[in-house]
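Thanks, everyone. I'll take one chain today and go through it piece by piece, beginning with a single helix.

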Amino acid sequence: MKTIKVAMLGFGNVGQSFANLLLEKEQEMKEKFDTEVRVVAITTKTRGIMVDAWGIDLEYALNLIEGKKTFPASSQPRIQKTALDVAESMEYDVLIEMTPLEYASGRVATDHVKAALKRGKDVICSNKGPLAWHFKELTQLAEENGCKFMYETTVLDGTPLFSIVRENLKLCNVIEIKGILSRTLNYMLSGMERGLSQEEILEEGKNRGFIEANPQTDLTGQESLIKMIALANAFMDADMTPMDVEQLDVECSQGITLEDIKAAADDNEVIKYICRAYRKNGKMQISVKPERISRFDSYAAVSGTSLAVSITTDLMGTMTIIEESADVEQTGYGVFADLLTIIEERA
Ligand SMILES: NC(=O)c1ccc[n+]([C@@H]2O[C@H](COP(=O)([O-])OP(=O)(O)OC[C@H]3O[C@@H](n4cnc5c(N)ncnc54)[C@H](OP(=O)(O)O)[C@@H]3O)[C@@H](O)[C@H]2O)c1
């Protein structure tokens with residue numbers, strides 16, 4: 001039986017969901033892949049760091065977090081004080097980066113990823129920051145060091161997107177990417193079609209638990225922009241960052257009124273917050289803004305908490321993937337699927 005040692009940086013929604021999947025599928029992984037996954041480190045910001053070269057008891061770690069407790073101090077060796085220490089110095093095979101997104105730089109997560117890739121370790125990243133800010137550098141580093149840099153869950157959670165393009169659209173050139181990438185914005189626009197105000201819908205979404213207490217980054221289009229740059233970097237070799245402002249056209253959602261929604265409906269149209277990436281005169285362009293589209297357009301049916309991405313290629317036309325209302329288990333599955341790919345390729 002092979003053993004694969006995993007270091008998990010971040011143990012929030014995604015990390016806990018992934019840990020639950022490891023527990024649930026432990027036996028099947030042994031049977032199907034002849035592999036035992038051993039989590040040797042879990043880091044958090046405020047609950048401490050747990051390390052155990054023989055494998056952390058995940059049920060115990062999950063119970064501590066659920067009970068709002070911190071990890072026991074005895075499990076934190078002096079040299080491993082931070083997530084970066086773990087990435088730089090611990091013995092592991094795969095690093096999983098699941099810390100919160102830093103919109104302004106993607107920095108801390110990028111440092112974690114770089115530290116692992118420089119050591120020739122495979123990396124799975126659920127954080128979009130490194131893809132939006134440092135994609136080229138990180139993919140080059142992975143190539144130079146003969147290791148993998150994977151990121152399925154960054155866009156559309158666990159719904160296969162990056163893996164479909166990688167595995168099933170070989171030698172296709174991606175010409176355009178289009179998408180509805182913000183659950184908050186899509187839910188808000190669908191709610192306005194029901195005649196509710198933006199404030200009422202945001203409150204409703206917060207009560208249902210999928211809109212953050214402070215949804216500003218969604219409402220300004222920033223969250224969608226980061227995802228779109230990540231997609232353009234991965235699929236179109238865009239080599240862009242959020243600093244390339246002259247190529248970015250981002251509009252905030254706050255100007256949209258119930259009258260705008262009604263005027264669109266009177267013309268058999270709906271307003272959707274649509275993201276696009278394409279080349280104009282050879283130069284990459286990204287737009288993230290509300291558009292009026294026909295109510296018969298397939299994107300008009302992507303409503304509420306659903307998301308969509310369409311990829312147009314030279315050889316295969318346009319393919320659209322719709323994620324119908326994900327819950328947190330699906331975000332963990334994206335990480336889990338990347339890990340299974342790594343395990344299969346090591347076999
Ligand atoms: N949730 C989703 O639906 C989803 C979907 C796709 C991708 N993602 C991305 O996946 C990442 C994780 O999301 P999440 O929802 O799991 O976030 P979360 O619930 O906020 O959890 C973040 C985890 O990272 C830890 N952390 C914070 N700063 C850290 C630092 N500097 N060093 C080490 N650990 C640190 C936190 O510790 P404390 O608890 O002590 O603060 C927590 O354990 C984010 O980048 C997010 O954008 C999330």
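The buried residues of α8 pack against a mixed set of elements: the strands β7 (174-180), β9 (269-280) and β11 (307-313), and the helices α9 (198-208), α10 (216-219) and α12 (258-266). Before I go on, please keep in mind that this is a predicted model.

Helix α8 covers residues 183-193, and nine of its eleven residues are buried, so the rest of the structure largely encloses the helix. The buried residues are Arg183, Thr184, Leu185, Asn186, Tyr187, Met188, Leu189, Gly191 and Met192. After α8 comes glycine 195, which has a positive phi, near 90 degrees.

Now the whole chain. It has 13 helices and twelve strands. The radius of gyration is 21 Å, close to the 20 Å that the globule rule gives for 347 residues, so the chain is as compact as a globular protein of that length. The C-alpha trace spans about 65 × 45 × 40 Å along its principal axes. Of the 347 residues, 42% count as buried. Among contacts with a separation of 6 or more, 72% come from residues 24 or more positions apart.

How is the chain divided into domains? Domain 1 is made of 2-159 + 328-346, and domain 2 is 174-323. Their centres, taken over C-alpha atoms, are separated by 29 Å. The contact takes 13 residues from domain 1 and 17 residues from domain 2. On the domain 1 side, the residues that touch domain 2 are eight nonpolar, two polar and three charged.

Next, the core. The largest nonpolar core has 95 residues, and those with the most contacts inside it are Ala7, Met8, Ala41, Ile96, Met228 and Ala232. Helix α11 (residues 222-236) gives the most to this core, with ten residues. Where does the core lie with respect to domain 1 and domain 2? Both domains give residues to it, so the core lies between them. To take one of the residues just named, alanine 232 touches Ile177, Ala238, Met240, Ala277, Met284 and Ile286, leaving out residues up to four places away in sequence.

On to the ligand. There are 26 residues around the ligand, and those that come nearest are Gly10, Gly12, Asn13, Thr46 and Asn127. Two elements give two or more residues to this shell: α1 (13-24) and α13 (328-346). The largest share, three residues, comes from α1. By class, the shell has nine nonpolar, 13 polar and four charged residues.

Those two helices deserve a slide of their own. Serine 17 lies in helix α1, and valine 335 lies in helix α13. Serine 17 and valine 335 are 318 residues apart in sequence, yet their C-alpha atoms are 9.5 Å apart in space. Is serine 17 buried or exposed? Serine 17 has 24 other C-beta atoms within 10 Å, so it counts as buried. Outside its neighbours within four places in sequence, serine 17 is in contact with Val328, Glu329, Thr331 and Gly332.

Valine 335 has 30 C-beta neighbours inside 10 Å and so counts as buried. Leaving out residues up to four places away in sequence, valine 335 touches Val14, Phe18, Ile96, Ile124, Ser126 and Thr153. Ile96 appeared earlier, among the residues with the most contacts inside the largest nonpolar core. For another distance from valine 335, its C-alpha atom and that of glutamate 88 are separated by 21 Å, with the two positions 247 residues apart along the chain.

Last, two backbone details. Lysine 68 has a positive phi of about 55 degrees although it is not a glycine. Lysine 68 is in the loop between α3 (58-66) and α4 (83-89). It has 7 C-beta neighbours inside 10 Å, so lysine 68 counts as exposed.

Aspartate 157 also is not a glycine and has a positive phi of about 55 degrees. Where is aspartate 157 placed? Aspartate 157 lies in the loop between β6 (149-150) and α7 (162-168). With 24 other C-beta atoms within 10 Å, aspartate 157 is buried, whereas lysine 68 is exposed.

That is what I have. I'll take questions now.

Conventions: Residues are numbered from 1 along each chain as its sequence is written. This is a predicted model: local features need pLDDT of at least 70, side-chain atom pairs count only at pLDDT 80 or more; totals for chains, interfaces and linings use all residues. A nonpolar core is a set of buried Ala, Val, Leu, Ile, Met, Phe, Trp, Tyr and Cys residues joined through C-beta atoms within 7 Å. A residue is buried if 20 or more other C-beta atoms lie within 10 Å of its own, exposed if 12 or fewer, and partly exposed in between; C-beta atoms are placed from the backbone. Helices (H or I, at least four residues) and strands (E, at least two) are DSSP runs, numbered from the N terminus. Domain bounds come from an automatic or database domain assignment. Two residues are in contact if their C-beta atoms, placed from the backbone, lie within 7 Å. A residue is near a molecule or strand if its C-beta atom, placed from the backbone, lies within 6 Å of it. Ala, Val, Leu, Ile, Met, Phe, Trp, Tyr, Cys and Pro count as nonpolar, Asp, Glu, Lys and Arg as charged, and the others, Gly among them, as polar. The radius of gyration is taken over C-alpha atoms; the globule rule is 2.2 Å times the number of residues to the power 0.38.
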